Amino acid sequence: MTTKARSLTTQQEHDIDLMRAAVERDLALWWHQNARDLPWRFGRTSPWGVLVSEVMSQQTQMSRVVGYWEAWMNKWPDATALAKAPTAEVIAAWGRLGYPRRALRLQECAGVVSEQYHDQLPHDYESLVALPGIGDYTASAVMSFAFGERVAVIDTNIRRVLGRAFLGVESLGGSTSPVERTLAWRVLPEAAAQSVVWNQGVMELGALVCTAKQPGCDSCPLRSMCVFLAAGRPGLGERRTRPRQRFQGTNRQVRGIILQSLRDLPDGQSVVTYDKLRELWPDRAQLDLCIDSLEHDGLVEIVDGHAVRLPQ
Ligand code: SF4
């Protein structure tokens with residue numbers, strides 16, 4: 001049995017139903033004692049602030065996001081403010097969060113929220129998931145964390161924890177399987193308020209304790225019930241379908257170097273010359289490829305043949 005199976009067996013459904021109340025109780029207790037005090041949690045920001053935190057946290061650790069999120073929300077506290085910001089400033093403020101196209105998509109999203117929804121995030125899943133750059137995960141997270149609705153939030157951490165704790169198997173990675181979706185909804189508490197704590201608690205447990213390679217089972221609140229632990233943690237960490245991509249020497253690294261050189265320019269300067277870029281990355285073919293791809297993505301403009309600047 002793997003999480004790639006199409007549906008839960010009757011026996012699994014029975015076992016899950018026996019476990020879930022105790023898991024919910026112990027997990028909620030653990031969450032209240034261990035949740036990180038992140039600035040977008042506990043009702044301290046707007047739904048827009050929650051959305052920004054979720055977009056920034058995709059593929060970037062939450063602890064790294066905090067400083068960027070605070071500076072960003074100070075500068076652009078709502079969608080309208082972000083929509084009106086110069087694109088060069090938006091790209092610069094994204095800093096070293098990585099995958100900078102997310103910044104452009106977020107600004108595009110801000111434009112739609114500002115114009116079509118009068119600066120208020122829509123309060124329904126279908127409208128959220130239709131916004132630029134917003135997928136199933138982010139729409140579900142906003143519905144749960146910002147609006148307190150009962151929605152199964154399904155990300156990598158949640159899939160891993162639920163697969164291990166309730167089914168005793170590793171999540172295989174890739175896209176969410178039908179059985180993972182069924183499981184996430186089956187174990188979600190009925191009451192909306194409890195479902196929010198559940199989503200946050202499972203996700204936090206996956207980030208801090210039930211990690212991919214070295215789960216801290218000794219300190220886990222679910223250790224007395226976890227099916228994976230009881231089975232001897234079969235195949236621990238072996239099933240990750242996409243090994244982490246090497247970063248050194250990749251186009252991603254070169255694109256990051258080019259953007260960082262633009263962010264590092266002193267006030268009053270906006271252009272980095274090609275000669276300067278060659279000093280930073282001598283491989284001319286790769287450098288040219290990366291300049292072209294950044295221009296294609298709308299992240300830089302090419303001036304005077306080969307020099308670059310942030311979009312004006
Ligand atoms: S006991 Fe271990 S494998 Fe099970 S949920 Fe906790 S950390 Fe994960």
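Here is a short walk through this protein and the place where its two domains meet. Keep in mind as you look that the model is predicted.

Let us start with the overall layout. The chain is divided into domain 1, residues 1–244, and domain 2, residues 251–309. Their C-alpha centres lie 34 Å apart. Inside the range of domain 1 you can find a stretch, residues 56–208, that an unreviewed UniProt entry annotates as "domain: HhH-GPD". Residues 56–208 are 66% helix and 0% strand, and the C-alpha atoms at the two ends of this span lie 18 Å apart.

Now turn to the meeting place of the domains. The size of an interface is often given as the accessible area lost when the parts come together. Here, domain 1 and domain 2 bury about 800 Å² between them, with 58% of it on carbon and sulfur atoms. On the domain 1 side, Ile-91, Pro-100 and Arg-101 supply 47% of the area buried against domain 2, more than any other three residues. Each domain gives eight residues to the contact.

Arg-101 deserves a second look. Between the two domains the count is one salt bridge, and Arg-101 forms a salt bridge with Asp-297, their closest N and O atoms being 3.5 Å apart. Four residue pairs are also in polar contact between domain 1 and domain 2.

Where on domain 1 should you look for this surface? Helix H5 (87–94) and helix H6 (101–116) are the elements that give two or more residues to the side touching domain 2. By class, that side of domain 1 has five nonpolar, one polar and two charged residues.

Technical notes
Residues are numbered from 1 along each chain as its sequence is written. This is a predicted model: local features need pLDDT of at least 70, side-chain atom pairs count only at pLDDT 80 or more; totals for chains, interfaces and linings use all residues. Side-chain values use heavy atoms; hydrogens and water are left out. UniProt positions are given in the numbering used here, feature names are shortened, and annotations may be inferred rather than shown by experiment. Helices (H or I, at least four residues) and strands (E, at least two) are DSSP runs, numbered from the N terminus. Domain bounds come from an automatic or database domain assignment. Contact means heavy atoms within 4.5 Å. Buried area is the accessible area (1.4 Å probe) that two parts lose on being put together, summed over both. A salt bridge is a side-chain nitrogen of Lys or Arg within 4 Å of a carboxyl oxygen of Asp or Glu. A polar contact is a pair of N or O atoms within 3.5 Å; within protein, one must be able to donate a hydrogen and the other to accept it, and residues adjacent in sequence count only if both atoms are side-chain atoms. Ala, Val, Leu, Ile, Met, Phe, Trp, Tyr, Cys and Pro count as nonpolar, Asp, Glu, Lys and Arg as charged, and the others, Gly among them, as polar.
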